[in-house]
Amino acid sequence: LIQHAELTGLSSGGVVNLGPVSRELGLEGIPGSSETGAVALTLEAARACGCRVHLTHLSLPGSVDLVRAAVEGGVAATCDVTPHHLALDETEVLRSGACAKMNPPLRSARDREELVERVRAGRVPAVASDHAPHEARLKAAGLAGAPFGITGLETALPVTFGALGDGMSPLRKLSLFTTGPCSILRIACPSLAPGRPFDAVLYDPCEEWTPSRDNTFSASTNTPFLGRTLRGRVRAVWRGRLVYHDGCFVS
């Protein structure tokens, strides 16, 4: 079971994280308990049923702690976090408006910092892009009226590498996108062994670039990282053969 952890009875009507930003904007807030409460219930159900569960796009350090405690108690549980919850906090809503509206919402600065520390400590085995494209006209409806979600696939690596900083080695960061997810899903990880299909990504961790409507491929650009300089860029992709190279798809 892959679970989006949310108690809708607590989050219904909420727009952004419950806290100083929601109060400043006069918007209904989403409390952290809507996530941690759902995580606790899901883990207890997994314990009772003996099933395996994955909690996706967790936004709170307390949620990660609940998963860790459950695993130590014998529950088969894993979790992931997103690049944007590692890199941004609720104040981004004041700068980017609906392009920073997501579910679960961006949390407090302290929550973000502690979430980063838990990833660095090895308590989170995977990062998921949580890529959620929306038409510009929908996001233009304002915070209260816009749908939740941001695009994140094309910026996932540089945003995550930047958020985790020097607290993790490059190989450990990469494992969050490769061996970590494969282990959770129990699928074979791409290999460079002779005779295996060549599935690989060439990533330059030093190249700086600025995402724009002209150099990204998603038809949607609902992301707070548009126009923001990022460090690190995918240079090539192979799926059995070369399919992308230096900004162009290869037919």
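This tour moves through two sheets, a helix and a surface patch of a predicted model.

**The parallel sheet**

Begin by selecting strands 1, 4, 5 and 6. These 4 strands form an open sheet with parallel pairing, in the order 1-4-5-6. At its edges are strand 1 (2-4) and strand 6 (126-127), each of which pairs on one side only.

Next, select residues 53-56 and residues 77-81, which are strand 4 and strand 5. The two pair in the parallel sense over 3 bridges. To see one bridge partner, display H54 together with T78, its counterpart in strand 5.

**The surface patch**

Return to strand 1 and select I2, which is found in that strand. I2 is exposed, because its relative accessible area is 55%, against a cut-off of over 50%. Add L185 and I187 to the selection: with I2, they make a nonpolar surface patch of about 300 Å².

**The antiparallel sheet**

Now select strands 7, 8, 9 and 10. They make up an open sheet of 4 strands in the order 7-8-9-10, and the pairing here is antiparallel. Strand 7 (199-209) and strand 10 (248-249) stand at the edges; each has a single partner strand, so one side of each lacks a neighbour in the sheet.

Narrow the view to strand 9 (residues 242-245) and strand 10, which pair in the antiparallel sense over 2 bridges. Here H245 stands opposite C248 of strand 10.

**The helix across the sheet**

Finally, select residues 156-164, which form helix 9. This helix lies across strand 7 and strand 8 (230-239), and runs at about 135° to strand 8.

How values were computed
Residues are numbered from 1 along each chain as its sequence is written. This is a predicted model: local features need pLDDT of at least 70, side-chain atom pairs count only at pLDDT 80 or more; totals for chains, interfaces and linings use all residues. Side-chain values use heavy atoms; hydrogens and water are left out. Two strands pair if DSSP finds at least two bridges between them. Contact means heavy atoms within 4.5 Å. Axes are lines fitted to C-alpha atoms, for helices over the stretch in contact, and angles run from 0 to 180 degrees between N-to-C directions. Patches are made of residues with over 30% relative accessible area and no salt bridge: like charges are joined within 9 Å, nonpolar side chains (Val, Leu, Ile, Met, Phe, Trp, Tyr) within 5 Å. Accessible areas come from the Shrake-Rupley method with a 1.4 Å probe; for residues, only the protein chains shown count as cover. A salt bridge is a side-chain nitrogen of Lys or Arg within 4 Å of a carboxyl oxygen of Asp or Glu. Buried means under 20% relative accessible area, exposed over 50%, partly exposed in between (1.4 Å probe, protein chains only).
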